[in-house]
Amino acid sequence: MLGRRTGHVHYPLIERSRPRVYELGSEAIAGLVQRPARTLLTMLGTVLGVGAFVTILGLTSTAGSQISAAFSVLSATQIDIDDTADPAAFAVGNATTYDFPLDADARVEHLNGTVHAGVWWKVQGTESGRPLTVTANPPVSIASETDYQGVQIDVYTATPEALAAMGPTISQGRAFDDFTAKRGEHVAVLSDSAAQRLGITRLDAQPAVFINGVPYLIVGIVSDLQRHPELLPGVIIPTTAATVQFGLPQSSSPAHMLIETRLGAAQQVASEVGLALSPEHPERFKIIAPTDPHSLKDHVTESLNTLFLLLAGITLIIGAVGIANTTLVSVLERTSEIGLRRSVGARPRHVAAQFLTESTAIGALGGLIGTSLGIATVVVVAMTRHWTAVLDPATVLPAPLLGAVVGLLAGTYPALRAARIEPVEALRR
Amino acid sequence: MSSDPPLLELRRLARTYPGPPPIAALRPTDLTVRVGEHVAIIGPSGSGKSTLLNLLGLLDRPTGGQLLLDGFDTATLNERDRTALRGRRIGFVFQAFHLMPHRTAVENVMLAQLYTDRRRRAERRADAVSALTIVGLEHRLGALPSILSGGERQRVAIARALVNKPALLLADEPTGNLDSRTAKQVLDLLEELVAGGVTLMVITHDPAVAERAQRTVMIQDGELTEQQPAAVTTSAMRSTVTDSIIPVVTRAR
């Protein structure tokens, strides 16, 4: 700040150039507003890049939340176990297969998190190929059984716990319980439609169904099953009675186990249930646990992210290059303006600040427009798919900032170039 | 006041471009310009006019000698102080006007205040308007350069050079882009300004422009020759404009 006089006298204090910050800012904005078309084209890359970012992240979170919504409480607490046929049993020509231990229900219910667990299967006739007959009245004669035109109704058997796990809605009577099951009593639960087809409307007369001629007392009529509603058109009898009359399940319709767990316990129970059922051969059970909602969501997010975020990143880089290019061209075009500014007292840093502000403003504006377009896209897509748009403020709010950073980085080199322009050169033009 | 140092003093001022080969664009030169003088520097192109202009305008550094402004050597100043001094003490008028095409006349004038004047916008605008009034453009405040005539554009540029009340007005071929009638009007304006106390140095190759000056300095191959000694006493010319300069340069106490 102090120079030297010809002799040794210090130069008087010179007040240095200090433009007001808002003046520099308005100079930069003026530079943008004066060339609106170019400014818009320049910010296009940033608009697309930031817009893509917001759209992808928005769609991912939206789709992710739809997926997790599909995980109803019902399916998240359900485990199905299929008894896979033992190849050794086939080899010896054994048609029946049943790998569940007799106390399967109890074993599984001891697992922490289990609410109900029980075995069920579809009953086949003892002689293969011959359908079961289900009638509301005793057959006229055993001999004419084959000629009898019974109603085609499927027969299922389930333990009381399995029935409970299915979540039945009982319209009349009750479900069969442990007591009746243990005693091997011939009781049955009928579905609404089966009862209708058999002409049974009331239980007060204690009606029965005859399965292959054997009577079963109808203790209840269910109107709905929350799990495995495919059993609905049929008759459900306890496994104890079914095993006595029809034997163990055949390999053509193997046994299943249905487990209802507490919410959140399904993964844990599923990991333990194989060993609990058969420590020697846990592999004989095919355990169908609900997909972990987190892992599924993460998987979807991940696969979308890696591909599209890469594209968005590339778009942003292209946007940055666009801004850098245009700003550089602008610097070269405005060389004489820069010279003029230097001649009226602008320091190189003032010139640099002006161009840096211009590029940052372009980036920020592009980011803002891109964010708006991205949000609009997410909302429109969600509407057409009847989804609920889910936008994470943590991704949406900083998005315009991303544009500003892109602009700032892109403007650095042109701004340095502008600062290095010599006023002598600039004013020669 | 007679003990005041001259406004501008060149002591063996020289500028050599490093080349190769090195070019002595300005050979060691002595020149003194007093406050209120009107000096023309005339020479053909390639004579070193631009080099001298850049040195006088603190746009370039000399390679030898001293350039004294207000009695102080500017060659030893750092870039920041030279820039500040340039913005506050020197007004430039260019051949090509160098107006911003998207800014109105008054906005173009106000550009000169941007870096050195921290007063409120309204106050600065008032100064810009009075500068435009001095050059006779008070009715064209909001006009864009594109609708102004050449003469009007140069007068806007002159107003811009005046608005910071500089000690020295440096005009580089101020009429080079103008027809002879408009050129005469601009020269008349510059002469009025000198009469009002402005110190003016005009750099030109046009003898018609040079003969308006009180002194003419010939430059040829980088060497100055005084054509005509100062005919007018400068102290008599001093008056309002320079006296009202905001004392941006104050003596260190």
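Start by selecting residues 79-89 of chain B, which form helix H2. This is a predicted model, so keep that in mind as you click around. Of the 11 residues in H2, 9 are buried, so the helix is largely enclosed by the rest of the structure. Which residues of H2(B) are buried? Colour them in: B:Asp81, B:Arg82, B:Thr83, B:Ala84, B:Leu85, B:Arg86, B:Gly87, B:Arg88 and B:Arg89.

Now show what covers those buried residues. From chain A, pick helix H12 (335-343). From chain B, add strands E4 (64-69), E6 (90-93) and E7 (168-172), which are also part of the cover.

Stay with E6 and E7, because they lead you to the next stop: both belong to an open sheet of 6 strands in chain B. Trace the sheet in the order E6-E7-E8-E3-E9-E10, and you'll find that the pairing is mixed. Which strands sit at the edges? They are E6 and E10 (223-226) of chain B, each pairing on one side only. As you step from one strand to the next, the twist averages 20°.

Zoom in on E3 (residues 38-42) and E8 (residues 199-204) of chain B: these two run parallel and are joined by 5 bridges. For one pairing, click B:Ala40, whose bridge partner in E8 is B:Val202.

Last stop, chain A. An unreviewed UniProt entry annotates residues 40-59, 307-332, 362-384 and 396-416 as "transmembrane region". Select residues 40-59 of chain A: this span is 100% helix, and its end C-alpha atoms are 26 Å apart. Then try residues 307-332 of chain A, again 100% helix, with end C-alpha atoms 38 Å apart.

Definitions and conventions:
Residues are numbered from 1 along each chain as its sequence is written. Chains are lettered from A and ligands numbered from 1 in the order in which they are written. This is a predicted model: local features need pLDDT of at least 70, side-chain atom pairs count only at pLDDT 80 or more; totals for chains, interfaces and linings use all residues. A residue is buried if 20 or more other C-beta atoms lie within 10 Å of its own, exposed if 12 or fewer, and partly exposed in between; C-beta atoms are placed from the backbone. Helices (H or I, at least four residues) and strands (E, at least two) are DSSP runs, numbered from the N terminus. Two residues are in contact if their C-beta atoms, placed from the backbone, lie within 7 Å. Two strands pair if DSSP finds at least two bridges between them. Axes are lines fitted to C-alpha atoms, for helices over the stretch in contact, and angles run from 0 to 180 degrees between N-to-C directions. UniProt positions are given in the numbering used here, feature names are shortened, and annotations may be inferred rather than shown by experiment.
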